Amino acid sequence: LSLALYAGSLCAASGAAFLYHDYCVIGAGPSGLQVAYFLQQAGRDYIVFERSHAPGSFFALYPRHRKLISINKQYTGKSNSEFNLRHDWNSLLSHDRRLLFRHYSRDFFPNADAMVHYLEDFASLLKLQVQYNTAIIHVTLERDEQAWNGHYFLLTDQDRQNYKCSSLLVATGTWVPNVVNFPGSEYVEGYETVSINPEDFAGQTVLILGRGNSAFETAENILGVTNFIHMVSRSRVRLSWATHYVGDLRAINNGLLDTYQLKSLDGLLEGDLEDLAIVKDKKGKLHITLRFYLENRNTSAGIDSITLPQDELDNFATRAPYDRVIRCLGWKFDFSIYNRSLRLMPGKGNNKKYPQIKPSYESRGTRGLFILGTASHSVDFRKSAGGFIHGFRYTTRAVHRLLENRHHGVPWPSTVYPITQLTNSIIKRVNEASGLYQMFSVLADIILLRENATAFEYLEEYPVGVLAELETQTGRRAPNGLFVIIMEYGRNFSGADKDVFYYNRAVGEAQHAWQSNFLHPVIYYYKHLPTEREMKLRPPDWPLPRPDAVHHIVEDFLTDWTAPNAHILPLRRFLENCLSTDLRNFFAESCFFFAFTRQKLPPFCQQGYVGMQGLLGSEGLRRHAVEAGLLEDYTPRDFSGDKTPDSREGSQDQLLRDHVIPVRPLQHLVNAKDE
């Protein structure tokens, strides 16, 4: 009995040791701080765990050479803050205007130290609940039918302190270096530890493994002091201006391409790194050979007994020995701390460095476990910007909105407008929305039509991958059809082998808008919400299933889609055809005429003129209409020499008595010209 009581007391003590929060966030990098901000604004119970003593510890070390490749555009010629975020790739979303990254650096490509300072201020000024020096070393599940998701998440830190959460948000990024093991890989230096002092490479011959921005960044740093640099990777170089993917090679780092193509000794090679082997000679030089040459050799034999490729092919490309070999292969997600009960599995193919998640950013294996930030990039890898701050700040907000609806009954934010504002609402968003612009083909604005298309409900930046689940995920209903507004590049314009500078690469005529190559708005119309099956069977590389109608707004050199004839008029006519209605704006005189000559008034007249809404008349407005030829001049002649009554002087009745209304045919009252 004593043993049983003792064991029971231990269990009770163990249960009491769990510190509970509704939301646990692992990692105080940019995505962790971003979701913490939204949780705090909503008044939720949350905690952020950070293993370091400060937020953004990744940026304290990387990039090694300290120059970020995320642009920090100070000037755009516009004061619209939402538009300016399209060209600010470093700021997180908040209500505090002090927390814009342009206040921390004026450099177009900022120093990483500025990012560390920025993240520290973001956490402190907004008073986010971050627990520093807390490394979560184990995560498992505890089944409980009363929990939000049917289980709790149990976390343990390095001091064996336990935590319990209803929802787990993982924002650790990808920080474990990718390593390729092959014979001689022990001679390879890692990007994370290699010297960044160019003088340490003076007069040396260097081989770099990898072909991403970290590899070219390393090469750029030592380009002027080495004998030559060779770079080898299994895939060809992908230029970001050709792929339109910001994670591919950026121009700021591509000096090695010049020295390669202009025959200045440096060069690029393609090959599978796992087939390589490195042999070190007595002088410390590193020789490149192939793995199969070493399979049957005597391990105790010297280098002279090892067959090298140049022994059989005397012009073998890498026959010259190297002084150093540097590994720059990027990073992967740390799966080691997650118990098998969470079923958090790596992706497949190119996505194996990321965990498997749904388009809603929720784990495929465990309900209530969401992956945020860089680690969530499998949703749009090599397609959009979800692996970078200027992309995942919006996907993180989308995840928060999904959680608000699921756990707290707060529907996705929306605004209801009369149908007459449909064209204006779309034009406004495509011209200023930063989330649509940065997360092209991934986030979309959704327009839910009300009955008889008299009004619509506007939802911003919803993940299109879960469009079929819209009603469940947002708490909004879509029984009467919907429009989906998304940004896209041309279907065949992006790719490592594409010439994006070819002659006549741009489209300027509205009738050819569907052939637009550069980023442009596309509007999909569905009479019914697409089903899960339709989403799965959508055409290859289409973000959405085949719609009932689709409209491309022609690309614009200035990304300014406000041209009346090229942009607005074709859009309005598309919307009118979908809704079988007239979305034009009319003067009151036209509405008055339609009331006597038509069975059904246009929506603008129904909701404006008949509802006694619209602009109040004034002398200035009347004169403008007269000068533009839209109205006849009704100003009465003054035969008495008295001052003509002004709209601001005297009563409206007096004005009506003084006006002499000329007789004219009724049809002259019509003015169907668009305002």
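**Exercise 1. Decide whether Cys328 and Cys578 are buried or exposed.**

Start with the cut-offs: buried is under 20% relative accessible area, exposed is over 50%, and partly exposed is in between, using a 1.4 Å probe and protein chains only. Cys328 comes out at 2% relative accessibility, so it counts as buried. Cys578 has 16%, so this cysteine counts as buried too.

A word on the ground rules: this is a predicted model, where local features need pLDDT of at least 70, side-chain atom pairs count only at pLDDT 80 or more, and totals for chains, interfaces and linings use all residues. Residues are numbered from 1 along each chain as its sequence is written, and side-chain values use heavy atoms, with hydrogens and water left out.

**Exercise 2. Find the disulfides and work out how they are paired.**

Step one is the count: the structure holds two disulfides, a disulfide being a pair of cysteine sulfur atoms within 2.5 Å.

Next, take Cys24 and Cys165, whose sulfur atoms sit 1.7 Å apart. This pair ties together distant parts of the chain, 141 residues apart: Cys24 belongs to strand β1 (residues 18-26) and Cys165 to strand β6 (residues 162-170). Strands (E, at least two residues) and helices (H or I, at least four) are DSSP runs, numbered from the N terminus. Both Cys24 and Cys165 are buried.

Then go to Cys591 and Cys605, with 2.0 Å between their sulfur atoms. Here the link runs from helix α17 (residues 588-597), home of Cys591, to helix α18 (residues 603-609), home of Cys605, and the two cysteines are 14 residues apart. Cys591 is buried at a relative accessible area of 1%, and Cys605 is buried at 0%.

Last, number the bonded cysteines in sequence order, and the pairing reads 1-2, 3-4.

**Exercise 3. Work out the handedness of each disulfide.**

For Cys24 and Cys165, read the angle about the S-S bond: -65°, a left-handed link. For Cys591 and Cys605, the torsion is about -75°, so this disulfide is left-handed as well.

**Exercise 4. Describe the hairpin of β12 and β13.**

Look at the pairing to begin with: β12 and strand β13 (residues 286-290) are antiparallel over five bridges. Strands pair if DSSP finds at least two bridges between them. For a landmark, Leu276 stands opposite Leu290 in β13. Now the turn: five residues lie between the strands, and Gly284 takes a positive phi near 90°. Finally, check the cover: in strand β12 (residues 276-280), four of the five residues are buried.

**Exercise 5. Lay out the six-strand sheet and the helices on it.**

Write down the order: β17-β19-β18-β20-β21-β22, an open sheet with antiparallel pairing. The edges are β17 (414-418) and β22 (549-552), each pairing on one side only. Neighbouring strands are turned by 20° against each other on average, direction ignored.

Zoom in on strand β18 (residues 443-449) and strand β20 (residues 482-488), which run antiparallel and are joined by four bridges. Ile447 has Phe483 in β20 as its bridge partner.

Now add the helices. Helix α11 (residues 389-408) lies across β18 and β19 (455-463), at about 120° to β19. Helix α16 (residues 564-579) packs on the sheet too, touching β18, β20, β21 (520-526) and β22, and its direction makes about 175° with that of β22. Contact means heavy atoms within 4.5 Å; axes are lines fitted to C-alpha atoms, for helices over the stretch in contact, and angles run from 0 to 180 degrees between N-to-C directions.
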